Amino acid sequence: MAGRFSLLEEELSCPVCTEIFRDPVVLKCSHSFCKACLQKYWEQKGSRECPVCRRKSSMEQPFPNLSLRNTCEAFLKERSQRATAGSEELCSLHSEKLKLFCLEDQIPICAICQTSKKHENHKLRPVQEAAEEYKEKLRTALAPLQEKLKAFNEVKLVCDQTAEHIKSQAQRTERQIKMEFEKLQQFLKMKRQPG
């Protein structure tokens, strides 16, 4: 089934961007392209020719390929439903389940990717095994961080309490100084008065 989808995906891919067609248009030579890809190609080339067969196009605006657009939308919808239906993610290239983890590239791959040139001679692990290894590494790395966080929170609490204590002492001292200053002012006022 996955092979059928990868062949279908190939047929539904724009020859310019190699992605599933977006807003496909068709030329008189019967080749189809994403509308944006074709316009960009024509701008870069400076002439209106087919990117595949190089045949000159007399059309100012190519025809929309409605049938191809509908087919692409249906394909993308079905692929999305298949991907969300299973809890496992699918390979974007082969629509296969990602069952292996490439240790060199640090990515999950499917069984078909395993045999590709890109992952040739790479060390691989089953996804579950790799996940357990990484969970253990995270737990090991997390333990000292949790201890540091606990110690930090304890120190912060003491600092906050100390800061509150210093603040209240400063306010008390300020009140006392004001009271003493007022007493001094009254005393000086009384000394200045004749009598």
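Colleague: Quick one to start: how buried or exposed is Tyr134?
Modeller: Tyr134 is partly exposed, with a relative accessible area of 29%. Buried means under 20%, exposed over 50%, and partly exposed in between, with a 1.4 Å probe and protein chains only. Keep in mind that this is a predicted model, where local features need pLDDT of at least 70, side-chain atom pairs count only at pLDDT 80 or more, and totals for chains, interfaces and linings use all residues. Residues are numbered from 1 along each chain as its sequence is written, and side-chain values use heavy atoms, with hydrogens and water left out.

Colleague: Okay. How many aromatic pairs are there in the whole structure?
Modeller: The search turns up one. Phe101 and Tyr134 make that pair, and their rings sit edge-to-face, 5.6 Å centre to centre with 65° between the planes. Rings of Phe, Tyr and Trp (its six-membered ring) pair if their centres lie within 6.5 Å; planes under 30 degrees apart are stacked, over 60 edge-to-face, and the rest tilted.

Colleague: Which parts of the chain does the pair tie together?
Modeller: Phe101 is in strand 4 (residues 100-102) and Tyr134 is in helix 5 (residues 127-192), so the pair links parts that are 33 residues apart in sequence. Helices (H or I, at least four residues) and strands (E, at least two) are DSSP runs, numbered from the N terminus.

Colleague: And Phe101, buried or exposed?
Modeller: Phe101 is buried, at 13% relative accessible area.

Colleague: What lies over the face of Tyr134?
Modeller: Lys137 does, at 5.1 Å from the ring centre. For that to count, NZ of Lys or CZ of Arg has to be within 6 Å of the ring centre and within 35 degrees of the ring normal.

Colleague: How far is Asn121 from Lys137?
Modeller: They are 16 residues apart in sequence and 25 Å apart in space, C-alpha to C-alpha. Asn121 belongs to the loop between helix 4 and strand 6 (124-126), and Asn121 counts as exposed at 75% relative accessibility.

Colleague: Switching topic: how many disulfides does the count come to?
Modeller: Zero. A disulfide is a covalent bond between the sulfur atoms of two cysteines; the rule here asks for a pair of cysteine sulfur atoms within 2.5 Å.

Colleague: Why is there no bond from Cys110 to its closest cysteine?
Modeller: Because the closest cysteine sulfur to that of Cys110 is in Cys113, 3.7 Å away, and that's too far for a bond. Cys110 is buried at 0% relative accessibility, and Cys113 is buried at 8%.

Colleague: Let's do pockets. How much space lies in the largest pocket?
Modeller: About 240 Å³. Among the eleven residues that line the largest pocket, Glu9, Ser13, Thr18, Ser92 and Leu93 are the closest to its centre. On a 1 Å grid over the protein atoms alone, where a 1.4 Å probe fits, a pocket is an open set of points with protein on both sides within 12 Å along at least five of seven lines, and lining residues have an atom within 4 Å of a point. Volume is the space filled by probe spheres set on the points, which are joined across faces, edges and corners.

Colleague: Which element gives the most to that lining?
Modeller: Helix 1, with three residues. Helix 1 (2-11) and helix 3 (66-85) are the elements that give two or more residues to the lining of the largest pocket.

Colleague: What about the second largest pocket, how much space is in there?
Modeller: About 200 Å³. The second largest pocket is lined by 14 residues, with Cys91, Leu93, Ile109, Cys113 and His119 closest to its centre. Strand 5 (107-109) and helix 4 (111-114) each supply at least two lining residues, and strand 5 has the largest share with three.

Colleague: Last topic. What is the phi of Arg54?
Modeller: About 65°, a positive value although Arg54 is not a glycine. Most residues other than glycine have a negative phi. Arg54 sits in the loop between helix 2 (35-45) and strand 3 (63-64), and Arg54 is partly exposed at 44% relative accessibility.

Colleague: What's the phi of Gln106?
Modeller: Near 60°, positive again, in a residue other than glycine. Gln106 is in the loop between strand 4 and strand 5, and at 41% relative accessibility Gln106 counts as partly exposed.
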